[in-house]
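Subject: Structure handover

Hi,

Here is the structure I promised to pass on. Please open it and keep it beside this email as you read.

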Amino acid sequence: MPEIVTRQFGKLEFDESAVLHFPAGLPGFESRTRFLLIERPGTAPLLFLQSLDAPKLCFVAAPMHSIDPDYALAMTPEDQQILSLSSDSLILAVLSASASGRWTANLLAPVVIDKKARRAVQAVRADARYSHRHPLPEPRACS
Amino acid sequence: MLVIRRKIGEILLIGDDVEVEILECSHSQVKLGIRAPKRITILRKEIQLTGEQNRLASRTISPAKLKNLLGHLR
């Protein structure tokens with residue numbers, strides 16, 4: 001079984017059939033086309049997109065419905081050529097922390113995954129309906 | 001910001017070798033045709049914003065940061 005030594009997870013073994021293909025890469029990382037979608041116990045609902053081309057590259061994401069339950073997906077015709085939506089599609093928001101440590105989600109550019117075909121695209125919207133820096137809600141205080 | 005009014009079929013020039021032509025116009029959308037040398041990158045602004053955001057997102061996530069992040073989602 002192929003394996004890779006990643007910065008985020010150390011050594012990972014993976015099945016070729018589990019590899020997720022981003023034919024167009026992701027904006028800023030156009031040459032990174034092969035990723036693993038990783039779910040770890042203890043960090044649900046987070047999902048990790050670990051690059052297989054660059055072991056240091058790993059994005060953290062969350063299912064879109066966990067951030068905005070009413071999110072309305074809109075893909076450009078170009079993105080729809082890469083991937084056709086099905087009921088089986090998984091929609092994720094890439095998360096990032098600003099220098100001040102504040103977490104935001106990119107709702108302008110959801111990652112859309114066709115689980116059956118193992119294809120994915122970061123579908124940058126053409127409208128201005130959602131922000132690329134949508135603030136996550138403040139943590140609830142522990143009672 | 002420079003503001004220019006143009007009609008369909010009219011063209012404006014940027015520098016020596018970029019031409020922007022107004023092709024179609026509806027109440028909510030403008031269709032532009034751009035002629036430029038291959039070395040010039042033409043991007044929708046949203047793609048540039050997402051590229052910057054992706055570079056920020058690609059930084060290593062420490063266990064402490066992850067724990068903090070989970071607090072926002074649970």
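Below is what was found, starting with how the chains meet.

Please keep in mind that this is a predicted model.

**The interface**

Chain B touches chain A through 23 of its residues. On the chain A side, 41 residues take part in the contact. The area buried between the two chains is about 2,800 Å². Carbon and sulfur atoms give 61% of that area. Three residues stand out here: Gln53(B), His72(B) and Leu73(B). They supply 22% of the area that chain B buries against chain A, more than any other three residues.

**Helix α2 of chain B**

Next, find helix α2 of chain B, at residues 63-73. Which of its residues are buried? They are Leu66(B), Leu69(B), Leu70(B), His72(B) and Leu73(B). Look down the axis of α2(B): the buried residues fall within an arc of 150 degrees, so they line one face of the helix. Ala64(B) and Lys67(B) sit on the other side of α2(B), and they are exposed.

What do the buried residues of α2(B) pack against? The partners belong to chain A. They are:

- the strands β5 (47-51) and β6 (58-63)
- the helix α1 (64-67)
- the strands β7 (90-97) and β8 (103-114)

**The cavities**

Now the empty space. How many cavities of 30 Å³ or more does a search of the whole structure find? It finds two.

The largest cavity holds about 70 Å³ of space. Chain A lines it with Val60(A), Leu95(A), Ser96(A), Ala97(A) and Trp103(A). Chain B lines it with Leu56(B), Ala57(B), Arg59(B), Thr60(B), Ile61(B) and Lys65(B). Two elements give two or more residues to this lining: β7 of chain A and α1 (45-57) of chain B. β7(A) gives the most, with three residues. By class, the lining of the largest cavity has seven nonpolar, two polar and two charged residues.

The second largest cavity has a volume of about 30 Å³. Its lining also draws on both chains. From chain A come Arg7(A), Gln8(A), Lys56(A) and Cys58(A). From chain B come Ser58(B), Arg59(B), Thr60(B) and Ile61(B). This lining divides into two nonpolar, three polar and three charged residues.

Arg59(B), Thr60(B) and Ile61(B) are worth finding on screen. They help line the largest cavity, and they help line the second largest cavity too.

Best wishes

How values were computed:
Residues numbered from 1 in each chain as written. Chains lettered and ligands numbered in written order. Predicted model: local features only at pLDDT ≥ 70, side-chain atom pairs only at ≥ 80, totals over all residues. Heavy atoms only, no water. Buried < 20%, exposed > 50% of the residue type's maximum accessible area, 1.4 Å probe, protein only. Helix = DSSP H or I, 4+ residues; strand = E, 2+ residues; numbered from the N terminus. Arc of directions from axis to C-beta. Contact = heavy atoms within 4.5 Å. 1 Å grid on protein atoms, 1.4 Å probe; cavity = no way out; pocket = protein on both sides within 12 Å on 5 of 7 lines; lining within 4 Å. Points joined across faces, edges and corners; volume = space filled by probe spheres on them. Nonpolar A, V, L, I, M, F, W, Y, C, P; charged D, E, K, R; others polar. Buried area = accessible area lost by both parts, 1.4 Å probe.
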